[in-house]
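Let's take a friendly walk through this model, one region at a time. Have a look at it first, then read on.

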Amino acid sequence: MKKAYNPISSDNLRRALSFYLATSLFLFSLLLILTIANPIYKHLKKSENDNVYHDVELTAMSVNEWSRRVMDIAIQITSRTRIRQELEKYNNKIISLTQLKTFTEPKLSDAMNMSEEIIGITRLDSSGKVVAQCGESLPSLTRAIDYSIPFDTSVSTPVIQNGRQVVVVSAPIINRLKKHIGADFVLIDLYPLKNIINSKTALEKNYETILGYTLDGTVLKIFPEIRHIKNDVINDLLKKAFQGQEGMNDESPVFVAAYHGLDIENFGLVILKNKTELYRILNTRLIYWGLIGIVAYIVFIAGFCFLMRPMTNRLLLHSDELNEKIKQQTRHLEEEIKERKRTAAQLEKTITEHRQTEIALSESETRLSHIIMGSPVPTFVIDNDHIITHWNTALEKVSGISGSQIVGTKNQWMPFYSKKRPVMADLIVDKVPEEKMSNYYRGIYKKSKTVENAYEAEDFFPDMDEHGRWLFFTAAPLRNSSGNTIGAVETLQDISARKEAETALRESESKFKSIFDNKGTATFLFNEDGIIRECNQTFEKLSGYLKTDIINKMKWSDFVAKEDIEKMQRYHDQRSKRTGFPPSQYESRIVNKAGEVKTVITNVSLIGKERIVSLMDITERKLAETENEKLHKKLGQSQKMEAIGSLAGGIAHDFNNILGAIIGYTELAKMDKVDNEKKEKHLNKVLTAANRAKELIQQILTFSRQTEHEVRPLKLKLIIKEVLQLLRASLPSTIDIKSDINNESLIMGDWTQIHQVVLNLCTNAGHAMQENGGTLYVGLTNERLGPNFTSNDPDLSINDYVKIIVKDTGHGIPPELIERLFEPFFTTKGPGEGTGMGLAVVHGIVKSMKGEIVVESFLGKGSSFSVYLPIIQDMAETDVPKEDNFAKGCGHILFVDDEPAIVDIGKLMLTKLGYHVTTRTGGIEALEAFKSNPDKFDLVLTDMTMPQMTGEKLAREIISIRKEIPIIISTGFSSVMTEEKTLKLGVKGLLMKPFVLSELAGVIHNVLDKKE
């Protein structure tokens, strides 16, 4: 029999089961919350801290943009060319301070209109003195300029002036030579910066933005007023920001701090947010989610109890079935619990995802808002209802309308048009077809290449500002995550300056074209391919071709003379490959259409890949220079002849002395009673006198010969010694000659020219002492010229020079005539005594050698001429001829001369040297002898000047018979035959008369050696 149901036992069991299960679920839920909730809460706190860092980052960007903009304003003021030029004129004392102020201050006043922030501009000169001022003056603590070191544009620390917080932007004024010539100090009102700093504070409570700076080691805060910061933590954060560091600090129990460095030196930014306020929303959300969990938990327990009641009753009523039912119910319960867990986990995941989505969306919205509002690009955003949601600070400055006035309205047209009409963003929101877009922006819009369904355009807006503005604007749709349009964003860029620059560029190109076409020099342009792309009318006239025949058809090389094409092609290749150092200006020759050769000065300039070539026709000038050079040569030769004329008496005197010695010693040698030893001594004296005569004749011929100048290393003392030997016989005995020429220095010059300079100066000195006699002094010494001597003459350098001094004790030169001494045809001598060209020629020779001539004279005491010529180092002397060694030989020589005495002495000398000799006294006879047996002779030695057939003609005939035969021509003097001409003729040697045995032996030996 079954036992009766005991209600007490049933209730107790029900309560025990319920309590056990409830306790288990509670503990499990508590453990789950402690395990999961705490990390989630820490992560959310970190996200809130990161938002503070993003705020300080965006605010720093805005402050840096503000600093760059005010420094750009200062740079634009200093870069105005016209007022910079006026300052440079003032620095150079070309204009007065009053003139500078009159011109500069109105310009500075105009410059203040560039920005409302400018409240004063002060301009300083190169010494740091104020030369112009507009608006408020500088505060007293502004630093002085140190021009000894370069300085850049910078922003000063803030000061209070007239109740306002201001900074000074200092910018150097630099001329084209990169030299500091002054500075501009621009006084900037910090009110706009204050708006940037306080924009965040105005939106949120318990939120503080601190813009700080350091001065002499003290940290100060700028807004709302300049004062010291007493909080050590904030001081430390600002000091990190001063060093350019950035980061977060949440160690304070009161606030979370973010710090960031700024581009302005000694400035930093810190943003503080109260922790209670910062985490208030997070805590509220956590409480909300906790309450939802508690309600869900209560509902779950109530449901559980409701389900457990019938199961308990059945368990008590049917004890036999209890275990089975408990098992079944347990299984169902376990499945239910598993399902509930899965549901709870899914719910938790959904809540977490929802929470993360909300956070990300909030961060995205905040970041987008900061980006738009802090962007330096003027920007506004509208929604699908055409209501403005964002109107950033940059657009406020461009439009003159603040965001607080226009956000929330549909007045986006107002800053740009005089009456209401849709802007491009409105058309984007309305999804206006492209063909209807032209109703509002005909011909000025186009699709963006970078953003899908976006458009861009540029247009002139006459209603903006006083003179209107050019704007470049872009509008693009804003879409949500589903791709649906939720609004539009439009950005604007003021391109007025660019448009003005484009207009100026077009005007500049027009001016360049006009200058190019009307330029006085022949000018053309060509690219790397050498084809001429443009030329002016002057080049047309010079070349003889029309523009249509030249441009894009002919190359520059088509006009170059053949002799210059290789040189100019080399220059062109060097410029194209950027190798070597091709000259930018040089002389060349071109050939015009008529085949005429024109000499031009060529100037080449490179602009990118183009070459601009200017040609100056100097053909007539070159012809004039050639004619002038010929006249100078004739003049120099004339002056030589004048000098030889003045020495004629002395030369005649020397020759009489020489002839006297020759005749006297010869007569003594002929006496029968003279023994051989004395006879040999007399003959040696005769030989010495003859050699002296030969040297004297050689000097006269060399000095008077009209030849090209040969520049070579010379030793001056040898030339001066030779001149003094000529002068001793020509000057009166009342003039004493003294010299000090023991100097071994070498110069680069022409022997004849130096001889002419010294001879002319000494002859003039002798003329000055002709009446009363005196002393002629010639000295030679080295002297190093300093900067005081060389600064006025670009041809002179600070170096060692040899100094030739010619002094006399004559009557002197009046001071008023010294300046005219070197003028052509100026002379102090009487009629018939000189041409007045001597000193002019001397001056020209000295200057051509990069030297200088200095004159000092005192009336009644004499004159001194000092010639300075540059010394050369490490070069061998070439003006001392080498003596040929006495050399004997063998062979058969045909000797030809029309003078029988010369034939006799020649045969004796050659025989003495070991040669077999055949002689003839005429060219025709000699040619017949050679024709009879050409291979008989090893060498032909012939005189130059002979009747019937000259030595030159004889040589030609002999060479035509036997080409390799060596020929030597001898001459006493010939203006026709030179060493260069003998080589061209095929003659192997030139021998000067009279013959000296050693010279004769040496020349023949050298010629025969070369043959072998």
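## A first tour

Cys 890 counts as exposed, at 64% relative accessibility. The labels follow relative accessible area: buried is under 20%, exposed is over 50%, and partly exposed is in between, using a 1.4 Å probe and protein chains only. By contrast, Cys 535 is buried, with a relative accessible area of 0%. If a disulfide is a pair of cysteine sulfur atoms within 2.5 Å, the count here is zero.

A word on how to read all this: the model is predicted, so local features need pLDDT of at least 70 and side-chain atom pairs count only at pLDDT 80 or more, while totals for chains, interfaces and linings use all residues. Residues are numbered from 1 along each chain as its sequence is written, and side-chain values use heavy atoms, with hydrogens and water left out.

Now for the nonpolar interior. A nonpolar core is a set of buried Ala, Val, Leu, Ile, Met, Phe, Trp, Tyr and Cys residues joined through side-chain atoms within 4.5 Å. The largest one has 44 residues, and Trp 66, Ile 121 and Leu 193 are among those with the most contacts inside it. Helix 1 (residues 7-78) gives this core its largest share, eleven residues. Helices (H or I, at least four residues) and strands (E, at least two) are DSSP runs, numbered from the N terminus. There is also a second, separate core of 42 residues, with Ile 720, Ile 737, Leu 821 and Val 841 among its members.

Who sits beside Leu 193, once residues up to four places away in sequence are set aside? Leu 193 touches Val 63, Trp 66, Leu 211 and Phe 223, where contact means heavy atoms within 4.5 Å.

Thr 157 is another spot to visit, in the loop between strand 3 (154-155) and strand 4 (159-161). Thr 157 counts as buried at 19% relative accessibility. Beyond its neighbours within four places in sequence, its contacts include Val 166, Tyr 213 and Phe 267.

On to the sheets, where two strands pair if DSSP finds at least two bridges between them. One open sheet has six strands in the order 14-13-18-17-16-15, with antiparallel pairing. Strand 14 (388-391) and strand 15 (445-447) stand at the edges with a single partner strand each, so one side of each has no neighbour in the sheet. From one strand to the next, the twist averages 20 degrees. Strand 13 (residues 379-383) joins strand 18 (residues 485-494) through five bridges, and Ile 382 has Ala 488 as its bridge partner there. Helix 12 (residues 434-441) lies across strand 15, strand 16 and strand 17, at about 150 degrees to strand 15; axes are lines fitted to C-alpha atoms, for helices over the stretch in contact, and angles run from 0 to 180 degrees between N-to-C directions.

Another open sheet has five strands in the order 32-31-33-34-35, and here the pairing is parallel. Its edges are strand 32 (916-920) and strand 35 (989-992). Strand 33 (residues 939-943) and strand 34 (residues 967-971) pair over four bridges, with Asp 943 opposite Ser 970. Helix 24 (residues 900-912) lies across strand 31 and strand 32, while helix 25 (residues 923-932) lies across strand 31, strand 32 and strand 33.

Strand 19 (residues 522-526) is mostly covered, as five of its five residues are buried. On one side these are Ala 522, Phe 524 and Phe 526, and on the other Thr 523 and Leu 525. Strand 19 pairs with strand 23 in the antiparallel sense over five bridges, and three bridges join strand 19 to strand 20 (residues 532-535). In the hairpin of strand 19 and strand 20, Gly 530 takes a positive phi near 85 degrees.

Last come the salt bridges, each a side-chain nitrogen of Lys or Arg within 4 Å of a carboxyl oxygen of Asp or Glu. The count comes to 22, including these:

| Pair | N to O distance |
|---|---|
| Arg 68 and Asp 263 | 3.0 Å |
| Glu 458 and Arg 498 | 2.8 Å |
| Asp 494 and Arg 469 | 3.7 Å |

Arg 68 lies in helix 1 and Asp 263 in the loop between strand 11 and strand 12, so this pair ties together parts that are 195 residues apart in sequence. Arg 469 counts as buried at 15% relative accessibility, whereas Asp 494 is partly exposed at 37%. Glu 65, Arg 68 and Asp 263 are joined into one network by salt bridges that share partners.
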